[in-house]
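Here is a short report for a reader new to this structure. Look through the sequence and the model first, then read on.

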Amino acid sequence: MKPRHKKIAIITSGVTALCVAAILVLNAFQSNLVFFFSPSQVAANEAPTDKRFRIGGLVEMGSIRRNEGLTVNFAVTDNAEVIPVVYTGILPDLFKEGKGVVAQGRISAGGIFEADEVLAKHDENYMPPEAAMALEQAAEAKKAALAQ
Amino acid sequence: MAINWFKYSSPSSFYSLAGKMIPLFTVTAILLAIAGLYIGFFVAPTDFQQGEAYRIIFIHVPAAWMSMFLYLVMACWAAIGLAFNTRLSSMIATAIAPTGAMFTFLALWTGSLWGKPMWGAWWVWDARLTSELILLFLYIGFMSLQAAIDDPRRADKAGAILALVGVVNIPIIYFSVNWWNTLHQGASVSLTQSPKMAATMLTGMLVMALACWMYSIAMTLIRTRVIILERERHTSWVADLHEKEAAR
């Protein structure tokens, strides 16, 4: 074997080992790097019941109910399953019905998610308010046309 | 007319070429930054859900793009230096690292400032944020490894291997928002889809990204020149240069 071939063989095996290592690490990440579980995953018992985890989805329309003090009830949905959430504390500004939310806490025996932290998740769309309003009107007009 | 590009792979001719190019890139960077910030602050409209706070993207996104892109460029030059034993390539890789680290820090810092008002947290252990933090450690590791080895040729080789191993992190950062459920939102601008933002916002962001490119090139050239002088200080051309400077 020429020294040059030896060098190439060493580099190739190094790169291969590196790729295998990367794949293994990514595989390990796959289960641990999930920042939040969707309501469907929670309903399918994929989320841990004995420790804290995060739940993510959209705040269901019309579900926000403010109780005495800072306690708020709302529901998180992914348009398939709905999980009720209770939280005591100050909500972020972007927390709105129909918008993304990530809540951290644990699920109680009654199936209610008791959150101790609520984060707002916003999407990747940026536009002036007029454009957003025009889009909304167009969607409503389409809905009305479909209803007729 | 054929230009002999290999002429510029010699440190002495690259030194004088870089010297001529630095003012050009510096001026372009300043002009583009002024234009980009003007568009960002005065022309681009207010966002429908984030209000004025979204304007940090004009720094945040270009910085994050540059942090990833500069790492790829650095690893590329380091690999060329490793494979073909070209001195200048390794010097350029070394020169890129501090600028890349600066942009990575800037992306993390501005992201944190943006995260508090919008998400409600300065920092979360989200896949996108964590992998970007690892990128910062890779840059710092590259710089400290090179600084720890006295022989520059050996330092170049060790650094190149570290830089190449770290390349796996770049696709992880970029695709993290698609591969996992993350708090960080998906990409607004990508090669495969039409941009998800208003045209003036996009223009401001792209102009700022160009400004960051020009800044990075200027900084890399300045730093490469310094590294060339340091490593070639025993050669005759540096001695001649020194005499010429002294005579002026």
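## A loop residue in chain B

B:Ala187 counts as partly exposed, because it has 17 C-beta neighbours inside 10 Å. A residue is buried with 20 or more other C-beta atoms within 10 Å of its own, exposed with 12 or fewer, and partly exposed in between, the C-beta atoms being placed from the backbone. The model is predicted: local features need pLDDT of at least 70, side-chain atom pairs count only at pLDDT 80 or more, and totals for chains, interfaces and linings use all residues. Residues are numbered from 1 along each chain as its sequence is written, while chains are lettered from A and ligands numbered from 1 in the order in which they are written.

B:Ala187 sits in the loop between helix 6 and helix 7 of chain B. Helices (H or I, at least four residues) and strands (E, at least two) are DSSP runs, numbered from the N terminus. Leaving aside neighbours within four places in sequence, B:Ala187 is in contact with A:Glu124 and B:Val177. Contact means C-beta atoms, placed from the backbone, within 7 Å.

## Between the chains

In total, 28 residues of chain B are in contact with 25 residues of chain A. The chain B side divides into 16 nonpolar, nine polar and three charged residues. Here Ala, Val, Leu, Ile, Met, Phe, Trp, Tyr, Cys and Pro count as nonpolar, Asp, Glu, Lys and Arg as charged, and the others, Gly among them, as polar.

## Helices and core

Helix 2 (residues 57-84) and helix 3 (residues 87-118) of chain B pack at about 160 degrees, with axes 7 Å apart. They are therefore roughly antiparallel (angles over 145 degrees). Their contact holds 19 nonpolar, ten polar and no charged residues.

The largest nonpolar core has 58 residues; B:Met74, B:Ala78 and B:Ala93 have the most contacts inside it. Such a core is a set of buried Ala, Val, Leu, Ile, Met, Phe, Trp, Tyr and Cys residues joined through C-beta atoms within 7 Å. Helix 2 of chain B gives the most to this core, with 15 residues.

## Two positive phi values

Most residues other than glycine have a negative phi. Two asparagines have a positive one.

| Residue | Phi | Loop |
|---|---|---|
| A:Asn79 | near 70 degrees | between strand 3 (71-77) and strand 4 (82-88) of chain A |
| B:Asn85 | near 60 degrees | between helix 2 and helix 3 of chain B |

A:Asn79 counts as exposed, with 11 C-beta neighbours inside 10 Å. B:Asn85 is exposed too, with 12 other C-beta atoms within 10 Å.

How values were computed. Two residues are in contact if their C-beta atoms, placed from the backbone, lie within 7 Å. Axes are lines fitted to C-alpha atoms, for helices over the stretch in contact, and angles run from 0 to 180 degrees between N-to-C directions. Angles under 35 degrees count as roughly parallel, over 145 as roughly antiparallel, 65 to 115 as roughly perpendicular and the rest as oblique.
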